[in-house]
Amino acid sequence: MQKTVLITGATSGIGEATAVKFAESSDRLIITGRRKERLDELADHLRKTYGTEVLTLCFDVRNRHEVEEHLGALAEEWKKIDILINNAGLAVGLSHIDEGDTDDWDRMIDTNVKGLLYITRIVVPLMVARGTGHIFNIASIAGKEVYENGAVYCASKHAVDALSKAMRIDLLKHGIKVTNIAPGMVETEFSEVRFKGDTERAATVYAGLRPLTGDDIAGVIHYCASLPDHVCINDVLITPKAQANATITFRKTGQP
Ligand code: NDP
Ligand code: 8X3
């Protein structure tokens, strides 16, 4: 059955790959992000390649008024959202807690936690009214473990992990499923953003091993979404074969 899927942060990486995956199965898509050109390009591609019905919404998830303006004013035919994928997020900087940049901290907490909450607050009542829905929160292995220099990003993803568990309790009686997705290393624009455009440094993150791709994560999300209605995958921790946990990897160079 055709579903309506809302994906935040669909202009690159996991979100973009997930949009393609659902388009392949003929679903309707609402895709969001701040980069309008990228959104429009993706929408064109999906329409031309798969005949997808797509709505693009360009806004910053950190801005509550923008979120309300765009999602609070959905046309009737777009209000029946079956699947919400809370994906928009980022890490900015890597530093010890005594040296961190507080602007970086604001960006991570405002995007990963508050942005996810603003979206959820508008979309979930629409699901509650229909007594059905499936929410995917893209958390991280950083929501299961902590690592040196990653305190605030890890804290923000631990918050997402907690929200997934709490949403599942609150929404149980409304027939809404909540799946927490916790990836390890996925090669996207993530590290470029974390290192503020330093592509050389970003490349070192994945050197000597084969990381996951956005498509790998999209496949897992699509699988979880395609299970029978009574089956809910609660939580998925996914790493590349070469990654044992948040800090231990096996690289061809033999270095951790
Ligand atoms: P990308 O940088 O490739 O994609 C991030 C997406 O989030 C972009 O589409 C970006 O769109 C959007 N986004 C960021 N900030 C905002 C904002 N303020 N408002 C609206 N959209 C925003 O990274 P990934 O695909 O890797 O990241 C997706 C999610 O996966 C994130 O939540 C990340 O924390 C998580 N994750 C990533 C892992 C990895 O190793 N890559 C591992 C575990 C989790 P735009 O810039 O156009 O607004
Ligand atoms: C992204 C993965 O290990 O850099 O969430 O935190 S990690």
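Where is N149 found? In this predicted model, N149 is found in the loop between β5 (133-138) and α5. The report starts from that loop, then turns to the two ligands, the spaces in the protein and two threonines.

## Two residues with positive phi

Most residues other than glycine have a negative phi. N149 is not a glycine, yet its phi is positive, near 75 degrees. N149 counts as partly exposed because its relative accessibility is 29%, and partly exposed covers the range between the 20% and 50% limits.

K196 also has a positive phi, of about 55 degrees, although it is not a glycine. K196 belongs to the loop between α6 (190-194) and α7 (199-205). With a relative accessibility of 53%, K196 counts as exposed, because that class begins over 50%.

## Ligand 1

Which residues come nearest to ligand 1? They are T11, S12, R34, Y153 and T188, out of the 29 residues around ligand 1. By class, this shell divides into 12 nonpolar, 11 polar and 6 charged residues.

Ligand 1 has N or O atoms close to both backbone and side-chain atoms of the protein. One of its oxygen atoms is 2.8 Å from a backbone N or O atom of I14. Another pair involves the backbone of G184, where an N or O atom lies 3.3 Å from an oxygen atom of ligand 1. In the case of D60, an N or O atom of the side chain is 2.8 Å from a nitrogen atom of ligand 1. Taken alone, ligand 1 exposes 870 Å², and the protein buries 96% of that area. The elements that give two or more residues to its shell are α1 (13-24) and α5.

## Ligand 2

Around ligand 2 stand S140, I141, A142, Y147, Y153, G184, F190 and R194. The shell has 5 nonpolar, 2 polar and 1 charged residues. Y153 and G184 appear here, Y153 is also among the residues that come nearest to ligand 1, and the backbone of G184 lies 3.3 Å from an oxygen atom of ligand 1.

The table lists side chains with a polar atom by an oxygen atom of ligand 2.

| Residue | Distance from side-chain polar atom to an oxygen atom of ligand 2 |
|---|---|
| Y147 | 2.6 Å |
| Y153 | 2.6 Å |
| R194 | 3.4 Å |

On its own, ligand 2 has 240 Å² of accessible area, of which the protein covers 85%.

## Spaces in the protein

How many cavities of 30 Å³ or more are there? The count comes to 1. The largest cavity holds about 70 Å³ of space. Its lining consists of 13 residues, and N86, N87, A88, T111 and L116 lie nearest its centre. The elements that give two or more residues to this lining are α4 (102-130) and α5 (151-171). Of these, α4 supplies the largest share, 5 residues. By class, the lining of the largest cavity has 6 nonpolar, 6 polar and 1 charged residues.

The second largest pocket contains about 210 Å³ of space. It is lined by M1, K3, D82, I83, T132, G133, H134, K177, A225, L227, P228 and D229. This lining divides into 5 nonpolar, 3 polar and 4 charged residues.

## Two threonines

Is T249 buried or exposed? T249 counts as buried because its relative accessibility is 12%, and buried means under 20%. T249 has its place in the segment after β7 (235-238). Its side chain is joined to the side chain of R251 by a polar contact of 3.3 Å.

T49 is in helix α2 (residues 36-50). With a relative accessible area of 45%, T49 is partly exposed. The side chain of T49 reaches the backbone oxygen of H45 at 2.6 Å. T49 and V20 are 29 residues apart along the chain, and their C-alpha atoms are separated by 9.7 Å.

Note on methods:
Residues numbered from 1 in each chain as written. Chains lettered and ligands numbered in written order. Predicted model: local features only at pLDDT ≥ 70, side-chain atom pairs only at ≥ 80, totals over all residues. Heavy atoms only, no water. Near = heavy atom within 4 Å. Polar contact = N/O pair within 3.5 Å; in protein donor to acceptor, adjacent residues only side chain to side chain. Areas by Shrake-Rupley, 256 points an atom, 1.4 Å probe, with all protein chains shown as cover. Nonpolar A, V, L, I, M, F, W, Y, C, P; charged D, E, K, R; others polar. 1 Å grid on protein atoms, 1.4 Å probe; cavity = no way out; pocket = protein on both sides within 12 Å on 5 of 7 lines; lining within 4 Å. Points joined across faces, edges and corners; volume = space filled by probe spheres on them. Helix = DSSP H or I, 4+ residues; strand = E, 2+ residues; numbered from the N terminus. Buried < 20%, exposed > 50% of the residue type's maximum accessible area, 1.4 Å probe, protein only.
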